[in-house]
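The following exercises are to be worked with the sequence and the coordinates at hand. Each task is followed by a solution in steps.

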Amino acid sequence: MSPNSKRNRGEQPILVVSNRLPVTLQRGTSGLERRRSTGGLVSALEPVLSKQGGTWVGWPGMKLRPGESLSESGDPYQMRGVELTDTEVNRYYHGFSNRTLWPLFHCFPERTRFDRRDWETYEEVNARFAEITAEESEETGLIWVHDYQLTRTPLHLRRLAPQARIAFFLHIPFPPYDVFRLLPWARQILRGLLAADLIGFHVSAYASNFLTCVEHILAARVDSASGLVEHGERTVQVGAFPLGIDFELYDSRARHAGPQPGMRDQKIILGVDRLDYTKGIPERIRALERLLELHPEHREKVVLLQLAVPSRGQVAAYQELKREIDELVGRVNGRFATATWSPIRYLYRSVPPEQLAALYRDAQVALVTPLRDGMNLVAKEFAACQVDDPGVLILSRLAGAAESMREALLVNPYSLDGTADALHRALTMQEPERRSRMVALRGRERRYDLNFWLRGFLEAARETRPKLQPATDADFETWLGRFLTGRRLALFLDYDGTVTPLRRHPSEATLSTEMRQALVACAERRDTDVTIVSGRSLADITKIVGISDLAHVGNHGLEFEGPKLEPFRHPDLEHYRERLRDLTTVLETICIPGSWVEEKRGSLTFHYREADETQYESLAREARTLIQKAGFQARDAHCAVEACPPVGWDKGHAVLHVLRATYGPNWSEHVRTIYVGDDETDEDAFHVLSGLGITFRIANVDVLTRASRQLPNVDAVHALLRWLARRRAGGR
Ligand code: GDG
């Protein structure tokens, strides 16, 4: 059977990207062995791809030798491996994924390690996942990236495939703002995710945490009610899509599995987990101990059967946890065991799916008490397998599953007495109450199963999404109203790309009538001074704007003049003007059709906007090299490289100089500053003004800006200027 042959008619193949493939490879005595990977993500996605076909990109767990293949004939979908070196496994997987993001996202900051090298490797590996995915993405309607190991992959994918439909699903919690902001790379993670079109979480609380973080950390515009985020010119949809299980599969396995030896003699309290400190296994054992102390009548009658699947054994915290559990099991068994009974049976391994279904079916109680869990599928699988005499589910309030499984006995896993009480209640609960609860739990899991989740998510991912309404006066009032009250305003605006869209040739970038009116209206206010800050020459920018009330800064700050300013020319300008002529001649030698040199009497720009796109990278590289060789500073701009004199003077210095020259050295006490720009060179001004003013970057999705906020385009700048022109009178 060829890959994809099992695909249901009408369903498009999907491209799933996750850290692990559904099989893990091992080289044994008989050659390459494939083992099914364990864990919630594989449990969720394996049935989907098996049914629908497609490709799964992920790490197979080891390096393949020439001639060895991941796939076997009969596989219902294709697999594409991403190979990792030992150092990468250590830094990207054990390091940043499992020592940084996993504990932090589960709200264990004290267990979280922050290491720059781990972060750098995480970034490199995420980029590699994107490259390999992009190679596979040609015939795919949707690229679906999964989980915390790959939060940067959507951004790298967006660079490689700008038009692709990209969705992301997080399988673990998204933490509250106060926890998430501890991460030194918080902004990068948010930007990585926002390159997707749709971002899904298990429950609405995580989606809402994410939106709060985006609002506070990126200062992006968010519509919380509809889950929309403005990110550059794109609108990103964020939502809750609670994962379900393949209910019928578990139900049928439970009906067909044979009896489990030794399960009928005692009441079984079942725990099933990967061995992970988030799962609350030690707390669970202590709660059992408390039960046996408080209710001796349960001694010799109940057994806690705890399955713990080995997980992340290379991370020290997991090794310590294993030791802790071994000791606890020994201590509690030693304390209560009799010649014929021990209260805890502990299995440190995984069991086959059929046996697991039988255990779920025959257990009287499922004790699911994670300290924090994205969703928790064990709780759902238990309900699906309860086909005989109904048992009772005890579920931690801190699992995502608790948001919907309200008929379970909900507990705080940190409260040993609370959990012991719930255990006693479950063990003594009469059949009518057990059945009433289990019927409701099963009914919901049957309705909201894996298919329901999949359909809902895929529909949302493929839908044409609404755009967030453009920023309104109410938005500007919220961001700037109090900041401006009673103060004079110094407003700085970049020109190209800020008050006028970028054109093919700089000479075409003229001011629209509306923008001109808005600028004039701002400048006419007695409490506002407007300065245009441009990379063009002073003569050029003054001429092209042509509004006499404004101040103008040219050549990235090297020269300026204005109604309240002494004209300024940087003392080294003349010297560099000479040398620029030579640089122009040199750069002209690499010009191909569609690229040209613009000399600006102080700096110059090498443009390549109209050249063949495949030449962009090499042109920029060559230009940078020649500019640096000539002793100038090279800076990337939109389809251009700028050559600036290396005089330690930029737009930031110029803005500070203008502010001091106009309002005196104590200007920051009585003048408010707003700076709006779209370019790398504007970042110097954002840097200088951080904390002193409010800065806006007209952003595309790729940039990591120092600006306080982002605006999507020139239209939004126009709306801002109109609001500034009409706002209530300020200072003086
Ligand atoms: C992450 C999130 C979220 C366990 N032992 C055996 C076995 N398992 C299977 C279970 C279940 C899966 O592993 C565990 O899933 P969980 O959801 O409980 O937890 P995580 O692995 O931490 O999963 C979690 C999930 O992703 C999905 O989004 O719910 O919150 O942390 O399916 O059955 N399977 C077999 N033998 C075992 O011994 N066959």
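**Exercise 1: An enclosed strand**

In this predicted model, establish how strand S26 (residues 640-644) is placed with respect to the rest of the structure, and identify its pairing partners.

*Solution.*

Step 1. Burial is assessed by relative accessible area, with under 20% counted as buried. Five of the five residues of S26 are buried, so the strand is largely enclosed by the rest of the structure.

Step 2. The two faces are then taken separately. Ala-640, Glu-642 and Cys-644 are buried on one side, and Val-641 and Ala-643 are buried on the other. Both faces of S26 are therefore covered, in agreement with its largely enclosed position.

Step 3. Strand S24 (residues 604-607) pairs with S26 in the antiparallel sense over four bridges. Within this pairing, His-607 has Ala-640 as its bridge partner.

Step 4. Strand S25 (residues 633-637) also pairs with S26 in the antiparallel sense, over five bridges. Here Gln-633 stands opposite Cys-644.

Step 5. S25 and S26 form a hairpin, with two residues between the strands. Cys-639, in the turn, has a positive phi of about 50°.

**Exercise 2: The two sides of a helix**

Compare the span of helix H17 (residues 513-524) with the expected value, and determine on which side or sides its buried residues lie.

*Solution.*

Step 1. At 1.5 Å a residue, the 12 residues of H17 should span 16 Å. The C-alpha atoms at its ends are 16 Å apart, which agrees.

Step 2. The buried residues of H17 are Met-515, Ala-518, Leu-519, Cys-522 and Ala-523. Around the helix axis they cover an arc of only 130°, which puts them on the same side of H17.

Step 3. The spacing has a general basis: an α-helix has 3.6 residues a turn, so residues three or four places apart point the same way.

Step 4. On the other side of H17, the exposed residues are Thr-513, Gln-517 and Glu-524.

Step 5. The cover over the buried residues of H17 includes strand S18 (488-494), strand S19 (528-533) and helix H24 (714-726).

**Exercise 3: Surroundings of the ligand**

How many residues surround the ligand, and which atoms lie 2.9 Å, 2.5 Å and 2.8 Å from its oxygen atoms?

*Solution.*

Step 1. The ligand is surrounded by 25 residues, the closest being Ser-43, His-171, Val-351, Asp-373 and Glu-381.

Step 2. Two side chains are considered next. An N or O atom in the side chain of Lys-279 is 2.9 Å from an oxygen atom of the ligand. For the side chain of Asp-373, the corresponding distance is 2.5 Å.

Step 3. Leu-377 contributes through its backbone: one of its backbone N or O atoms lies 2.8 Å from an oxygen atom of the ligand.

Conventions. Residues numbered from 1 in each chain as written. Predicted model: local features only at pLDDT ≥ 70, side-chain atom pairs only at ≥ 80, totals over all residues. Heavy atoms only, no water. Expected span 1.5 Å × (residues − 1). Buried < 20%, exposed > 50% of the residue type's maximum accessible area, 1.4 Å probe, protein only. Arc of directions from axis to C-beta. Contact = heavy atoms within 4.5 Å. Pairing = 2+ DSSP bridges. Near = heavy atom within 4 Å. Polar contact = N/O pair within 3.5 Å; in protein donor to acceptor, adjacent residues only side chain to side chain.
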